[in-house]
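Here's a quick briefing to read alongside the model. Have the viewer open and follow the topics one by one.

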Amino acid sequence: MSVREINFRPHHFLCTIGFQGKGYSDNFVKNYENIVEHLTDETIIHTTPHTDSICAPCPHRRELRCENQEKISQLDNRHQAILNLPEKITWGDAKKRIREHMTLEKFHAACESCQWKQYGMCESALKKLHSGE
């Protein structure tokens, strides 16, 4: 059996830890739920600056870009600077990297412009990851 491979933008690594079934459309949520359900520590993730496996059904997607590309690129750049993600990483190694490098202070700075931050899902998931739960 081959290991599943997917693509993530840099900010989607943390989003995936905090995902709770909310999103931009029903198709977006179903796709994200499927990704999260099949994600294992051995899943290989290719880091990309473009739309990714999560973005596929997003109503804001415009081919390889987002209609909010400038804002999304800023999120990606801040996450990439904190996590220093390689072009290819396993999900298990990505979670370890997040735990080691993404403090709550860095999270608040990196995600300051994210519309989902106000709901506390990612912050709660990050705290849980740091506590080892």
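On the outward-looking side of the story, Asp26, Asn27, Lys30 and Glu37 of helix H2 are exposed. Keep in mind that this is a predicted model. The notes below start with H2, then turn to H6, the cavity and two spots with positive phi.

**Helix H2**

- H2 runs over residues 26-38, so to speak a 13-residue stretch.- From first C-alpha to last, H2 reaches 18 Å, close to the 18 Å expected at 1.5 Å a residue.
- Which residues of H2 are buried? They are Phe28, Val29, Tyr32 and Ile35.
- These buried residues cover an arc of only 125° around the axis, which puts them on the same side of H2.
- The exposed residues Asp26, Asn27, Lys30 and Glu37 sit on the other side of H2.
- Strand S1 (5-8) and helix H1 (12-18) are among the elements that cover the buried residues of H2.

**Helix H6**

- In helix H6 (residues 121-131), the buried residues are Met121, Cys122, Ala125, Leu126 and Leu129.
- Looking down the axis of H6, you'd see its buried residues within an arc of 125°, so they line one face of the helix.
- What do the buried residues of H6 pack against? Their partners are H1, helix H4 (91-101) and helix H5 (104-110).
- Gly132 comes just after H6 and takes a positive phi of about 85°.

**The cavity**

- How many cavities of 30 Å³ or more turn up in a search of the whole structure? The search finds 1.
- The largest cavity holds about 60 Å³ of space.
- Its lining is made up of His11, Leu14, Cys15, Leu75, His79, Phe107, Cys111, Cys114, Trp116, Lys117 and Cys122.
- H1 and helix H3 (69-83) are the elements that give two or more residues to this lining.
- By type, the lining residues of the largest cavity split into 8 nonpolar, 2 polar and 1 charged.
- Cys122 shows up twice in this briefing: it lines the largest cavity, and it is also one of the buried residues of H6.

**Asn84**

- Where is Asn84 found? It's in the loop between H3 and strand S5 (88-90).
- Phi of Asn84 is near 45°, which is a positive value in a residue other than glycine.
- Is Asn84 buried or exposed? Asn84 counts as exposed, because its relative accessibility is 54% and the cut-off for exposed is over 50%.

Technical notes. Residues are numbered from 1 along each chain as its sequence is written. This is a predicted model: local features need pLDDT of at least 70, side-chain atom pairs count only at pLDDT 80 or more; totals for chains, interfaces and linings use all residues. Side-chain values use heavy atoms; hydrogens and water are left out. Helices (H or I, at least four residues) and strands (E, at least two) are DSSP runs, numbered from the N terminus. The expected span of a helix is 1.5 Å times one less than its number of residues. Buried means under 20% relative accessible area, exposed over 50%, partly exposed in between (1.4 Å probe, protein chains only). The arc is that of the directions from the helix axis to the C-beta atoms. Contact means heavy atoms within 4.5 Å. On a 1 Å grid over the protein atoms alone, a cavity is a set of points where a 1.4 Å probe fits but cannot get out, and a pocket is an open set with protein on both sides within 12 Å along at least five of seven lines; lining residues have an atom within 4 Å of a point. Grid points are joined across faces, edges and corners, and a volume is the space filled by probe spheres set on the points. Ala, Val, Leu, Ile, Met, Phe, Trp, Tyr, Cys and Pro count as nonpolar, Asp, Glu, Lys and Arg as charged, and the others, Gly among them, as polar.
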